Each structure stands twice: as C-alpha cells, then as structure tokens.
Amino acid sequence: ARVLGMPPRELACDVIAARHVKRLDLGKINNYFFLNSAQIINAPVRLECGTYSITPTTETNTIRICNVASERNGHSDPTDCILEAIITPIENRWFAKKNLRATVVPFTKIRIAATGEEHASILTDEQIILKTPADVEIAPRKLRTIVGTNRLFN
C-alpha cells in the first residue's frame with residue numbers, strides 16, 4: 001500500500017475516491033505475470049541477455065528481479081518499462097568480506113539458466129515457485145490501478 005501511495009485506514013478511501021489511475025508494468029516469467037519481484041537464492045544460475053551473460057562471483061547470493069520499489073530496493077519504477085536484476089552477495093558471518101555490494105542490471109528481456117545439472121527455483125511475488133530455464137521480460141503498462149500522490153515511483 002505504501003509503494004502505491006495508499007494511506008492507512010479511512011484515509012485510503014479519499015485516495016480511492018480521487019481515482020488517480022496509473023498503468024503499471026508487469027514482469028513476465030515464461031507465461032506467468034508478476035507485479036513485485038522474483039527471487040533466486042543460492043542457486044548456480046547464469047543470466048543471459050543478448051550477447052552477454054552474467055554469473056554471480058560468490059557461492060552464496062540472492063538474485064532479485066524487481067519491478068516495484070520497496071524498502072530493500074529503491075531502484076525500481078513500475079512505469080519505466082524496465083526490470084532490474086539485483087545480484088547481492090551474502091556474507092559469511094565467520095569470514096566476512098568487506099565491500100560486497102549489490103550489482104544492478106537493468107533489462108527488458110533476460111534468460112535465467114541453471115549452470116548445474118539441477119533446475120533452480122524462482123520464487124515470484126513470494127507465492128509461486130517456477131523452475132529454470134526461464135525467460136523473463138517486461139510486459140509494459142499491463143495493469144491499471146489507482147495510486148496516491150505519495151507513491152514511491154513517478
């Protein structure tokens with residue numbers, strides 16, 4: 001609700017009554033649409049985008065394909081026709097490395113492929129689990145929704 005600019009309780013009624021409508025992008029993995037994000041944790045995968053591919057350099061990492069900004073991810077805008085792949089190394093508490101930062105890769109179409117023999121799991125919108133290989137792309141302006149003026153995107 002906060003991302004869309006919806007205030008709590010009764011104040012949300014005023015925002016809904018104002019009917020400020022925005023067309024939001026959706027992410028699409030194979031034939032499944034998602035609004036927020038898709039996540040891969042600690043799986044050996046490769047991101048293929050056109051003529052180049054990206055493989056995380058650490059064994060423990062999180063890859064998030066983001067469409068909507070959140071507290072953890074301030075980069076994404078669901079109206080810009082771009083998804084972001086955010087690759088974040090996970091530090092080992094016993095042998096912590098310094099200066100491990102997230103890598104952000106903007107894209108419109110990407111393929112996720114497992115580098116090992118097994119399929120990797122992709123958790124979409126914290127509900128649906130899909131398997132690799134998977135084609136991920138933007139579905140521009142597919143969702144019409146009412147938003148408030150204090151939203152976290154343009």
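This is a conversation between a student and a tutor about reading a predicted model of one protein chain.

Student: Where do I start? What does the secondary structure of the chain come to?

Tutor: Start by listing the elements. The chain has 1 helix and 12 strands. Reading along the sequence, you meet the helix and then the strands, in the pattern α-β-β-β-β-β-β-β-β-β-β-β-β. For the overall dimensions, the C-alpha atoms fill a box of roughly 50 × 35 × 25 Å along the principal axes.

Student: Okay, strands form sheets. In what order do the strands of the sheet with β8 and β11 stand?

Tutor: The order is β8-β7-β6-β3-β10-β11, an open sheet of 6 strands with antiparallel pairing. Look at the ends of that list: β8 (103-107) and β11 (128-131) each have a single partner strand, so one side of each has no neighbour in the sheet. From one strand to the next, the twist averages 20 degrees.

Student: How many bridges join β7 to β8?

Tutor: There are 5 bridges between strand β7, residues 83-89, and β8, and the two run antiparallel. To see one pair of facing residues, find A85 and look across to V105 in β8.

Student: And which strands make up the sheet that holds β1 and β12?

Tutor: That one is also open and has 6 strands, in the order β2-β1-β12-β9-β4-β5, again with antiparallel pairing. Its edge strands are β2 (32-34) and β5 (52-54), each pairing on one side only. Ignoring direction, neighbouring strands here are turned by 35 degrees against each other on average. At one end, β1 (residues 21-29) pairs with β2 over 3 bridges in the antiparallel sense. In that pairing, K28 has F33 of β2 as its bridge partner.

Student: Now the inside. Which residues have the most contacts inside the largest nonpolar core?

Tutor: The general idea comes first. In soluble globular proteins, nonpolar side chains tend to be buried together. In this chain, the largest nonpolar core has 24 residues, and those with the most contacts inside it are I29, L47, I65, F107, I112, I122 and V136. At least two core residues come from each of β3 (37-41), β4 (45-49), β6 (61-66), β7, β8, β9 (109-114) and β12 (134-146). Apart from this core lies another, of 5 residues, among them V3, L24, V147 and F153.

Student: Can we zoom in on one residue? What does I122 touch?

Tutor: Leaving out residues up to four places away in sequence, I122 touches I29, A38, Q39, I40, I112, I128, I129, L130, T132 and A134. For the chain as a whole, 39% of the 154 residues count as buried. Contacts can also link distant parts of the sequence: among contacts with a separation of 6 or more, 64% are between residues 24 or more positions apart.

Student: What about unusual backbone geometry? Where is there a cis peptide bond?

Tutor: Here is the background. Most residues other than glycine have a negative phi, and most peptide bonds are trans. In this model, a cis peptide bond joins T132 and P133, with omega about 0 degrees. You'll find P133 in the loop between β11 and β12.

Student: Which residue in the loop between β3 and β4 should I check for phi?

Tutor: Go to N42, in the loop between β3 and β4. N42 isn't a glycine, yet its phi is positive, about 50 degrees. At 39% relative accessibility, N42 counts as partly exposed. Then look at C81, in the loop between β6 and β7. C81 is another non-glycine residue with a positive phi, near 60 degrees. With 24% relative accessibility, C81 is partly exposed too.

Student: C81 is a cysteine, which makes me think of disulfides. How many disulfides does the count come to?

Tutor: A disulfide is a covalent bond between the sulfur atoms of two cysteines. The count here comes to 0 disulfides. Take C66: its closest cysteine sulfur, in C49, is 16 Å away, which is too far for a bond. C66 is also buried, at 0% relative accessibility. As for C81, the nearest cysteine sulfur is that of C49, 16 Å away, and C81 is in no disulfide.

Student: Last one: what does the accessible surface of the chain come to?

Tutor: About 9,700 Å², and 51% of that belongs to carbon and sulfur atoms.

Note on methods
Residues are numbered from 1 along each chain as its sequence is written. This is a predicted model: local features need pLDDT of at least 70, side-chain atom pairs count only at pLDDT 80 or more; totals for chains, interfaces and linings use all residues. Side-chain values use heavy atoms; hydrogens and water are left out. Two strands pair if DSSP finds at least two bridges between them. Helices (H or I, at least four residues) and strands (E, at least two) are DSSP runs, numbered from the N terminus. Axes are lines fitted to C-alpha atoms, for helices over the stretch in contact, and angles run from 0 to 180 degrees between N-to-C directions. A nonpolar core is a set of buried Ala, Val, Leu, Ile, Met, Phe, Trp, Tyr and Cys residues joined through side-chain atoms within 4.5 Å. Buried means under 20% relative accessible area, exposed over 50%, partly exposed in between (1.4 Å probe, protein chains only). Contact means heavy atoms within 4.5 Å. A disulfide is a pair of cysteine sulfur atoms within 2.5 Å. Accessible areas come from the Shrake-Rupley method with a 1.4 Å probe; for residues, only the protein chains shown count as cover.
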